[in-house]
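I begin this notebook with the contact between two chains, then turn to a DNA strand, and end with a pair of helices.

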Protein chains: 2
Amino acid sequence: MESTATACSAVKGRPREFCTEQALAAALGVFWTKGYEAASMADLTSAMGITKPSLYAAFGNKEALFHKALDLYEAEKLAYTREALNQPTARAVAEYFMRGAINAQCNSGGPKGCLGVISATACGSEGQSIKDDVIARRASSQAALVERFDQAQRAGEFPANITPQALCQYLYAILQGMAVQAGSGATRAELEQVVDTSLAMWPTR
Amino acid sequence: MESTATACSAVKGRPREFCTEQALAAALGVFWTKGYEAASMADLTSAMGITKPSLYAAFGNKEALFHKALDLYEAEKLAYTREALNQPTARAVAEYFMRGAINAQCNSGGPKGCLGVISATACGSEGQSIKDDVIARRASSQAALVERFDQAQRAGEFPANITPQALCQYLYAILQGMAVQAGSGATRAELEQVVDTSLAMWPTR
DNA sequence: TGGATTCCATAACGGCCGGTATGTAATGTG
DNA sequence: CACATTACATACCGGCCGTTATGGAATCCA
């Protein structure tokens, strides 16, 4: 692989000997596996293949590194949540969400569970800003789903006793519960059971 | 060596100046609020009102203290999960579980969320034995619910496409998702929305 | 009263934490 | 070439971690 991936070589001084995107991906893996606080700088630098001063020069500090890793996580691993909104019915949206969550959280060899759930749950008082960031991103994602369910309601997809907001809150609870189970060692088959059961109960008008 | 038949309350030496049960309850509050790893010995001793050597003499070490706090948590805060199994129908069992979870996780002033979910999610490699303990307790609790749902199935409470095992896995996902949301600052009303929505979809034969 | 025993209080331990100072190597520019 | 600039590698910092040694205070028994 190439060491100097930067096409713009108008920079002065010694060029860096690692690829920042690749290092960030490695950092994401560590945070995803251990959580923000449990991931030590030694863990991170070891996985990223760089030294601590290089990390600080390239990413600022541990907290800034986490936020950038979270950006990468949303952009790559959570892309399915945006595709899901394009599904034709609310039921199909929900299924796309849940099956996508399984694929994201159960790829063998990779970290298990959801980085968002881990980060919102696992942080002590030190990582409050991490927790706040994750919760804010979740709220924005949830708002998009509520809007999609509003549209489905106007299309007459729900019975009268189901509101889009409540349905969204309910679906997110299932997704978060699946993340907890995936992080606790649940198998893909067990998670698929949850999805199938949820879909079997999905409201019809 | 010495026979223990006689000495029961004739303790020698200086008596301890704190109540171990009260101190354990305080420790539970700290673990519940911050998680195992994020709870420092300084946090614990401060909340318990004792010094570190007293803690070590009375409880062993941090890990042993956590396991005892988890015992207390199960005995007191999770008592509703055992009462739930006595409800007449599977639907009533599920409702008892979910309403009980709200009461346990949203009592104002107390810690939010579920200690089991926090501990299973938040622990790095250091607290692997904590994680294992929590997961094992969850499995045993889940087995009891599956058995109860088996009984409900024999009573003809479910449609054909719903199995007791899958329904239990699904209900636990909702409960865990509610715990995640409670730990992220969800209001009681939002959690009640999840419960009401779940019950609106509960399978009928 | 004089051990024996148990607990409390202070202070200290080695080790790891996130973060940095320092000196050197590699590049571009003149 | 010398110079400025940037990154590397090593070693180090103060501070907190969980844990424990030490010495004095309180109780029981003889």
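I looked first at where the two protein chains touch, and found 39 residues of chain B in contact with 39 residues of chain A, contact being counted when the C-beta atoms of two residues, placed from the backbone, lie within 7 Å. I noted that this is a predicted model, in which local features need pLDDT of at least 70 and side-chain atom pairs count only at pLDDT 80 or more, while totals for chains, interfaces and linings use all residues. Residues are numbered from 1 along each chain as its sequence is written, with chains lettered from A and ligands numbered from 1 in the order in which they are written.

On the side of chain B that touches chain A, the elements giving two or more residues are α7 (115-122), α9 (164-183) and α10 (188-201) of chain B, helices here being DSSP runs of H or I with at least four residues, numbered from the N terminus. The largest share, 14 residues, comes from α9(B).

Next I looked up DNA strand D, which 25 residues surround, the closest being A:Gly13, A:Arg14, A:Ser54, B:Arg14 and B:Ser40; a residue is near the strand if its C-beta atom, placed from the backbone, lies within 6 Å of it. I saw that α3(A) gives the most to this surface, with 4 residues.

Last, I turned to α4 (residues 62-77) and α8 (residues 128-154) of chain A, which pack at an angle of about 20° with their axes 11 Å apart. That makes α4(A) roughly parallel to α8(A), since angles under 35 degrees count as such. Among the residues that meet there are A:Phe66 and A:Leu70 in α4(A) and A:Ile130 in α8(A).

Terms used:
Axes fitted to C-alpha atoms, helices over the stretch in contact; angles between N-to-C directions. Parallel < 35°, antiparallel > 145°, perpendicular 65-115°, else oblique.
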